[in-house]
Amino acid sequence: MPFRPNRRAKTLSVLAAVAVGATVLVGCSSSPNNNSSGSPEPATITFAASTLGDPGRGPGLQKLIDEYNASQDKVTVQPASVPYPTFGQTVLTQMGGGEGPDLVRFDMPEFSTAAASALLEPLDDKIDAGKLKLIAGPDKYLNVDGHRYGVVFENSNYGMFYNKDLIPEAPKTFDEFMETAKATTKGDVYGLAFRQTQAEEAGVWQDIYNYVLGFGGDWSDGGKLTLDSPKVIEGLEKYKELYDASVIPKGADAATFRKMFANGKVGMELNNGGYVTATKSANPALNFSVARIPFPEQKQGSLLAPIVINANSKHKDAALDFIQWILKPEQQVKLQEVLGASSVATPTERSAESLAKFPFLPELDKLTESGVPQIVNGFGPQTADIRRIVVTEVLSSLQGQQDMKTAMEKAQKQAEELVR
């Protein structure tokens with residue numbers, strides 16, 4: 001099913017972005033320079049990507065951009081300076097004010113808002129998915145109401161990270177997952193860890209998403225919210241069962257329990273491929289692996305990040321030229337090497353060096369087709385507000401204030417009022 005934003009949010013999204021106060025981004029394009037042939041004329045364009053600010057991956061991406069700049073003499077891509085903590089909102093604000101970078105690497109919540117607000121350039125006749133062999137699973141989410149607004153830049157799949165010294169063989173079912181978590185919990189060592197505090201609302205949403213999808217549920221059917229559907233409740237009850245079993249370090253935030261995992265004090269965690277490199281960096285000697293999350297349905301959350309062209313750009317042909325260059329097989333391999341355990345827009349073959357370092361990478365790559373971006377299908381621009389409602393009610397259930405069925409019935413009513 002293609003992703004469908006809530007079009008009623010279109011005008012509100014633009015007005016809200018402008019109301020925040022548009023600021024002109026240093027280095028943004030400001031003069032028309034497109035041509036009808038699609039061949040780029042000389043131009044300097046800006047590219048905003050939070051990856052560029054990543055100390056581990058930023059230099060590699062900059063090197064790839066430099067390679068593109070050196071490959072021809074017409075287009076120069078320059079990184080746009082955007083503060084990381086407010087990256088998405090800052091860029092949306094600029095775009096809503098008619099400015100902003102020419103190219104943007106968006107996360108899906110911001111992508112859905114921008115697409116619903118007519119802030120992105122349609123790429124319908126510019127990208128041939130079949131010819132480029134784009135991976136269909138994640139690519140379908142970038143076609144909105146029959147129009148393509150981006151291509152995959154990075155897709156980070158969620159898997160089960162496990163310490164092989166504590167857990168030699170990965171559990172294959174939820175029952176085995178539960179029993180392994182219980183058996184591993186001894187003294188100051190816990191079998192599992194996940195987020196379970198309101199302070200980490202966004203992280204809790206990411207964690208519970210895997211339980212909902214893994215037990216056959218979804219937050220909507222594309223047009224109607226289904227927060228209180230039986231399958232959603234079942235998945236969340238499994239999450240609560242693990243919480244009640246005292247197999248996690250309760251109250252620990254992600255930074256704390258990830259450090260515990262790296263130090264051999266946590267046996268398992270559900271995490272995305274983007275943390276493979278960080279986990280290894282935290283403890284190079286850690287003997288860990290990654291496998292599919294052992295829930296009934298082979299479906300899990302993913303952190304999907306498309307690259308898009310700003311509808312305000314005066315150099316759309318130049319921006320498109322960079323996208324088409326990065327989609328070439330050789331560049332896709334190089335981009336994946338930069339991104340680490342994430343997948344890219346097209347199938348690639350991992351290098352012998354990467355496989356020697358992380359033998360489980362093919363297992364993560366297999367999850368690309370079954371990954372689901374962590375937004376509410378049909379209500380993308382309102383995902384953040386729906387998330388707040390759901391997480392608040394779920395945590396209330398974890399704390400024993402109500403059962404999960406009641407919690408999700410309340411969440412359904414509140415969310416319906418929100419989107420009405």
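User: Which word fits aspartate 107: buried, exposed or partly exposed?
Analyst: The model is predicted: local features need pLDDT of at least 70, side-chain atom pairs count only at pLDDT 80 or more, and totals for chains, interfaces and linings use all residues. Residues are numbered from 1 along each chain as its sequence is written, and side-chain values use heavy atoms, without hydrogens and water. Buried means under 20% relative accessible area, exposed over 50%, and partly exposed in between (1.4 Å probe, protein chains only). Aspartate 107 has 37% relative accessibility, so the word is partly exposed.

User: Which side chain meets aspartate 107 in a salt bridge?
Analyst: A salt bridge needs a side-chain nitrogen of Lys or Arg within 4 Å of a carboxyl oxygen of Asp or Glu. Here the N to O distance is 2.9 Å. The partner is buried, with a relative accessible area of 7%. The side chain is that of arginine 105.

User: How far apart are the closest N and O atoms of arginine 57 and aspartate 54?
Analyst: Arginine 57 counts as buried because its relative accessibility is 18%. Aspartate 54 is partly exposed, at 26%. The two form a salt bridge, and their closest N and O atoms lie apart by 3.4 Å.

User: Which residues are linked in a network of salt bridges with Asp54 and Arg57?
Analyst: The structure has 21 salt bridges. Some of them join into a network that includes Asp54 and Arg57. The other members are Arg105, Asp107 and Glu154.

User: Why are lysine 366 and glutamate 363 separated by about one helical turn?
Analyst: These two form a salt bridge, with 3.1 Å between the closest N and O atoms. Lysine 366 is exposed at 55%, whereas glutamate 363 is partly exposed at 37%. Both belong to helix α15, residues 361–366 (helices, H or I, of at least four residues and strands, E, of at least two are DSSP runs, numbered from the N terminus). The separation is about one helical turn because, within that helix, they are three residues apart.

User: What is the angle between the planes of phenylalanine 161 and phenylalanine 288?
Analyst: Rings of Phe, Tyr and Trp (its six-membered ring) pair if their centres lie within 6.5 Å; planes under 30 degrees apart count as stacked, over 60 as edge-to-face and the rest as tilted. The count comes to 21 aromatic pairs. Phenylalanine 161 and phenylalanine 288 form a stacked pair, 6.0 Å centre to centre, with an angle between the planes of 15°.

User: How many residues apart are phenylalanine 161 and phenylalanine 288?
Analyst: Phenylalanine 161 lies in strand β6 (residues 151–163). Phenylalanine 288 lies in strand β9 (residues 288–291). The pair links distant parts of the chain, and the separation in residues is 127.

User: What kind of pair do phenylalanine 261 and phenylalanine 288 form?
Analyst: Their ring centres are 6.3 Å apart. Their planes meet at 80°, so the pair is edge-to-face.

User: Where in the chain is phenylalanine 261?
Analyst: Phenylalanine 261 is 27 residues from phenylalanine 288 in strand β9. At 0% relative accessibility, phenylalanine 261 counts as buried. Its element is helix α10 (residues 254–262).

User: Which residue in β9 is the bridge partner of asparagine 163?
Analyst: Strands pair if DSSP finds at least two bridges between them. Four bridges join β6 to β9, and the two run antiparallel. The partner of asparagine 163 is phenylalanine 288.

User: The charged end of arginine 258 sits over the ring of which residue?
Analyst: A charge sits over a ring if NZ of Lys or CZ of Arg is within 6 Å of the ring centre and within 35 degrees of the ring normal. The charged end of lysine 250 sits over tyrosine 243, 4.2 Å from the ring centre. For arginine 258 the distance is 3.8 Å, and the ring belongs to tyrosine 275.
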